Structures are given as C-alpha cells and as structure tokens.
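This report describes the surroundings of a bound ligand and the pocket that holds it.

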Amino acid sequence: MGKIKIIKGDITKLSCDAIVNAANSSLLGGSGVDGAIHYAAGPELLAECRILGGCKTGQAKITKGYNLPSRFVIHTVGPIYYEHSPAEAESLLTSCYKNSLNLAKEKGLKTIAFPLISAGVYGYPQREAIKVAVETMKVHQGEFDEITLILFGAREFGMAQEDYGEYVGGAGA
Ligand code: ADP
C-alpha cells in the first residue's frame, strides 16, 4: 500500500513524478498556485497549455514539467464553490482528484503531489476541501508509491493536523 503524506510548503519545490495544478478552465495561467507553477516551469509550459484547448471543471490534462523539479504537471480545474450546490461542488472536487490520479496511473506515474484544489480564490471551505482530498486519496492509495497533499498556509495545515494527524509529516508510513 502506498502512503499518503500531508506536508506544509510550496509545491513548485517538490520533485515528484507529477505535481497537480489547480488551474482555471482556460489553462492559460492564473493566480495562486497556478501562477507559481507557471513562473517556476517557465514559458514553455504555457506554450504546451495553449494547444490543449482548455479543460472542463472536474477534468484533468497532463503536460511536461519543464524547469520544475517534477517531471509532469497535471492540470485540473476545481469548482468555483458558490457556483454550485455544496453536493455538486463536492462531487466536482472529488472528480478533480480522481481524474488526476487516473491520468497519473495511465502514464505509469508513482509519486504525485496535490495542492488544496479550489480552496483559494475558488472559495471551497478549507476543512471540507481537505476531507475531499484525503478521502479520495485513500481510495486510490494502493495504485501509487506516494500521494502528497502539500498545504501552503498555516491555517489549513493546522486543520489537517487536527483532522488527519496520522498522515502529517509522513508519520505512520
Ligand atoms: P483555486 O483557484 O483552485 O482556489 P488557488 O491557487 O487560489 O486555486 O488556491 C489553491 C490552494 O493552493 C490554496 O490553498 C493556496 O493557499 C494554495 N497555494 C498557493 N500557492 C501555492 C504553492 N506555491 N504551493 C502549494 N500550494 C499553494
């Protein structure tokens, strides 16, 4: 069984087979983690994204990682929380994790790291977003060597310590 790890930090610094980007549906760059990933990867990432023709909410597409330490970037589009009912938003956010993991599996990738999708400008409540992330990771745990949830802010990292302490810092591996 692969392990699930929750850490605090900057996803652009990780060396995994793939990191996941919380993109918008144009895939042409945005703020938050999307901006940080494009900045660190360099302009070739945007050039590859341009030919992908966007991505629907809940779906995922893959590119190379260019100047990032990670080999690939999986771009997924989270729901804008207030555009959906809570149940619909949860189902779309679950699809982001599931479809990203399915794509990684198809490519034979073994280590993958996620930011907390939708929980920034897209407004998904952070504690609930952590739950969707970890519960979906658990379902697919056996298909990977390591799935990491990397949290940027102290607030959401504290929530993860409270709710999923067994995974924090790789403990229990
Ligand atoms: P969304 O539009 O899906 O809400 P955001 O980029 O606004 O995406 O936020 C998603 C999460 O990514 C937030 O929890 C934010 O704190 C976090 N984040 C921002 N920059 C980074 C980074 N460099 N590494 C990891 N997580 C980040």
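The shell around the ligand divides into 9 nonpolar, 4 polar and 2 charged residues; Ala, Val, Leu, Ile, Met, Phe, Trp, Tyr, Cys and Pro count as nonpolar, Asp, Glu, Lys and Arg as charged, and the others, Gly among them, as polar. The model is predicted: local features need pLDDT of at least 70, side-chain atom pairs count only at pLDDT 80 or more, and totals for chains, interfaces and linings use all residues. Residues are numbered from 1 along each chain as its sequence is written, and side-chain values use heavy atoms, with hydrogens and water left out.

In total, 15 residues surround the ligand, each with a heavy atom within 4 Å of it. Helix H1 (residues 32–41) gives the most to this shell, with 3 residues; helices are DSSP runs of H or I with at least four residues, and strands are runs of E with at least two.

The table lists polar contacts of the ligand, a polar contact being a pair of N or O atoms within 3.5 Å.

| Ligand atom | Protein partner | Distance |
|---|---|---|
| nitrogen | Asp 10, side-chain N or O atom | 2.9 Å |
| oxygen | Val 33, polar backbone atom | 2.8 Å |
| oxygen | Ser 118, polar backbone atom | 2.9 Å |

Taken alone, the ligand exposes 570 Å², of which the protein buries 91% (Shrake-Rupley method, 1.4 Å probe).

The ligand sits in the largest pocket, with more than half of its atoms within 2 Å of the grid points. On a 1 Å grid over the protein atoms alone, a pocket is an open set of points where a 1.4 Å probe fits, with protein on both sides within 12 Å along at least five of seven lines, and lining residues have an atom within 4 Å of a point. H1 gives the most to the lining of this pocket, with 4 residues.

Methods
Polar contact = N/O pair within 3.5 Å; in protein donor to acceptor, adjacent residues only side chain to side chain.
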